[in-house]
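Open the structure in your viewer and follow along. Each stop gives you something to select and tells you what is there.

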Amino acid sequence: MTPLAALKIAVVGPTHPYKGGVAAHTTSLAHELAEAGHDVTLVSWSHLYPSKLYPGEQAVPGGAPDVEPFPRTVRALSWARPDTWVRTGRRLRGFDVVVVVHVIPAVVPAHLTLLRAAGAGRRVAGAGPRVAGAGPRVVGAGRRGRGAPAATHPGPRTIVIAHNVLPHETHVGDRELMQQLFERVDAVLVHSDEQARLAYELHAPRVSVTDLPPHLPGGAPVDRPAHDGPPRLLALGMVRDYKGVDLLMEALAKVPGPTLTVAGEMWGSSGERVKELARDPRLRERVEVHGGYVPADRLASLLASHDVLALTYRSATASQNALLGRQHGLAVLASDVGTFGSQVRDGVDGLVVPAGDEGALVKALERLAEPGYADELRSRVRPPDLSGPWANYLGTLEALAAVEPAVEPDDDIEPVVPDVGTAPTPPVGSGPAAVVGHLRHRISSSVRGLVAASRPEVELSRADLPEWIRASDILADGHDADDVKAFAKGLGLPRCGDGIAAWAALGALAAIVRVRDDGRRSAVIVDESGTRSPLSRWARAIGFAPVELELTGHRSSVEVLDVDTASLDVIARLHPGGCDADDIDEAMSQASWALKSGGLLCVTLPIGPSSAEGALGPGDVRGVLARSHDLGFVLVGDLDGDITGRMREASGTSTRSDTAYGLLRLTLRRR
């Protein structure tokens, strides 16, 4: 690997001319990985599904791609030719990583054959970071028997991206096929906590959860024609039972006024049911059904001629349809399933109803029918962040590609914990050697805590952390800090009396959960923020085992962090023990060698005029970001894309020229 951790990656999955969200995501992923500096080949299919498994049209009508095709694409795989699975797999033996995009269980035999031919398979080896001089790694005995040597395979590391661990309509044998796949690979990436639990049930060795990043077809929004009339709803995409279009139409029949367009392929009995409902006298003049795939070049104009995107699903995992609606300025009516609850702000830019609740759906439609209400919701729609989620997504993939190999634990055998010394912790401030001993002692305690797997005090998932809690943000109003402190209390996190410290810590905690959590709270966190910061207490409350450093005197933690290169997941230096203009470069330098690929550096910095001691102005912050890029970091979570602009706004409210006027939280991900 190069110093920037560039990898030779094969992405195996559908792409153009195949249509649909998975093909668009796979293609976008190849583009994003290549732009991040990796050597990427997209390995796809010349013939994918048999018609019995996919009765609809598989290719994009007219040949126009939904997203720009990836230039280095090899369409070497064919469903009907198992020999292509073997030959293609052999060609992947020289790759560092094979990313398999899972579509349906019926394709698992092809993926297993390809992985075996590539020499890939789950490794059985030590796990976790090693502290320099701290003895052996933590090793779990493999299933081969007590005391058996760890087995490794020389082939590429393997990661499965599972859009749906199991299909919405399951069949006999699906679970068994998925279990065989998960038992073969090193890691699995999913897009919701529910899918992570299911993956673990099916013996996945390591699971990471991160939001499905936007890969939105249709291009930029177009001008909306003037409309004076009842709200126009749009149900977009393939009509299948789990999407609940029939539920929407049954509720709409009871609410006069709103109109509905159903645009998408009609799938089996679900499509027939929609056509039947459209003939209901109560809906005949208000519902239009346009069967067939909607190509990308028609999407923008179709969305511009509607007011509300309807996503009344019975069930869902992760979907970008709510983001597509927001991108084109539509309010969203969604069921509270999958990721919709976190993507739609109920009563602000859309309405969220319980899944399958016709009464709630009728009430939501009645609200939309009120004059001006749909326009009011639309006026508060914010376009989604199209770049930040991809930075998080790539960081998660890079972390899975760089972490220690997965462990196959034997349920009857306890892991061996390194004995790094049980002497009492020396007093802080007695020299670097004492702090090193303190750090080793704390990491030893952390490992023991992880092995004990004590139940977290607070159940906190990514879905509990709303979008407004940003990894990188500006605090210029004390009331905002008080609001965050109250929100943290509502989550059940331990009490924090300092609102500013709560604001700093909650953003960092959200970044850790969103980017570095593998579902088992195993991220190695070093918190240098001091005892007055709630970050370590909060991280411990939700199941992590952070290592706390309280350094006195000259804060030269880079000299006392005696850990292996690329061994930590998170380093935090937050208010009140955050960075300032004098030590931010040192913190970035430390993190550049101590963090794993995909690891996070979370810091707070005072912002203010040049006359304020330790503060940074907008120009200084731009310099910090430029230097961080040179050190191999990417900014995470700047949802508005304009941190410096918001700093200038904050400066406008300041009346003093000798003090900081705000606090900047930066989260940087190591490439």
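## First stop: the nonpolar cores

This is a predicted model. Start with the largest nonpolar core, which has 40 residues. Select Leu-493, Leu-506, Leu-509, Trp-538, Ile-542 and Phe-544: these touch the most other members.

Now colour the elements that give two or more residues to this core. They are helix 15 (478–491), helix 16 (499–516), helix 17 (535–541), strand 17 (568–573) and strand 18 (595–607). Helix 16 supplies the largest share, 13 residues.

Zoom in on Trp-538. What is Trp-538 in contact with, leaving aside its neighbours within four places in sequence? Show Ala-488, Leu-493, Pro-494 and Cys-496, then add Ala-502, Ala-505, Leu-506 and Leu-509.

Another core lies apart from this one. It has 38 residues, and Val-12, Leu-48, Phe-95 and Val-190 are among them.

## Second stop: a six-stranded sheet

Next, select the open sheet of six strands. Read across it in the order 10-9-8-11-12-13; the pairing is parallel. Strands of a sheet pair through backbone hydrogen bonds.

Which strands stand at the edges? Pick strand 10 (287–291) and strand 13 (350–353). Each has a single partner strand, so one side of each is left without a neighbour in the sheet. Turn the view to follow the twist, which averages 15 degrees from one strand to the next.

Stay with strand 13. Strand 12 (residues 331–335) pairs with strand 13 in the parallel sense, over four bridges. Select Leu-333 and look across: Leu-351 in strand 13 stands opposite.

Now add the helices. Helix 6 (residues 245–252) lies across strand 8 (232–236), strand 9 (259–264), strand 10, strand 11 (308–311) and strand 12. Helix 6 runs at about 165 degrees to strand 9. Helix 8 (residues 296–304) also packs on the sheet, where it touches strand 8 and strand 9. The direction of helix 8 makes about 150 degrees with that of strand 8.

## Third stop: His-38 and helix 13

Go to the loop between helix 1 (21–35) and strand 2 (39–47), where you will find His-38. Is His-38 buried or exposed? Its relative accessibility is 7%, so His-38 counts as buried; the cut-off is under 20%. The His-38 side chain makes a polar contact, at 2.8 Å, with the side chain of Glu-398.

Finish on helix 13 (residues 388–402). At 1.5 Å a residue, its 15 residues should span 21 Å. The end C-alpha atoms are 21 Å apart, which agrees. Helix 13 is mostly covered, with 14 of its 15 residues buried.

Methods
Residues are numbered from 1 along each chain as its sequence is written. This is a predicted model: local features need pLDDT of at least 70, side-chain atom pairs count only at pLDDT 80 or more; totals for chains, interfaces and linings use all residues. Side-chain values use heavy atoms; hydrogens and water are left out. The expected span of a helix is 1.5 Å times one less than its number of residues. Buried means under 20% relative accessible area, exposed over 50%, partly exposed in between (1.4 Å probe, protein chains only). Two strands pair if DSSP finds at least two bridges between them. Axes are lines fitted to C-alpha atoms, for helices over the stretch in contact, and angles run from 0 to 180 degrees between N-to-C directions. Contact means heavy atoms within 4.5 Å. A polar contact is a pair of N or O atoms within 3.5 Å; within protein, one must be able to donate a hydrogen and the other to accept it, and residues adjacent in sequence count only if both atoms are side-chain atoms. A nonpolar core is a set of buried Ala, Val, Leu, Ile, Met, Phe, Trp, Tyr and Cys residues joined through side-chain atoms within 4.5 Å.
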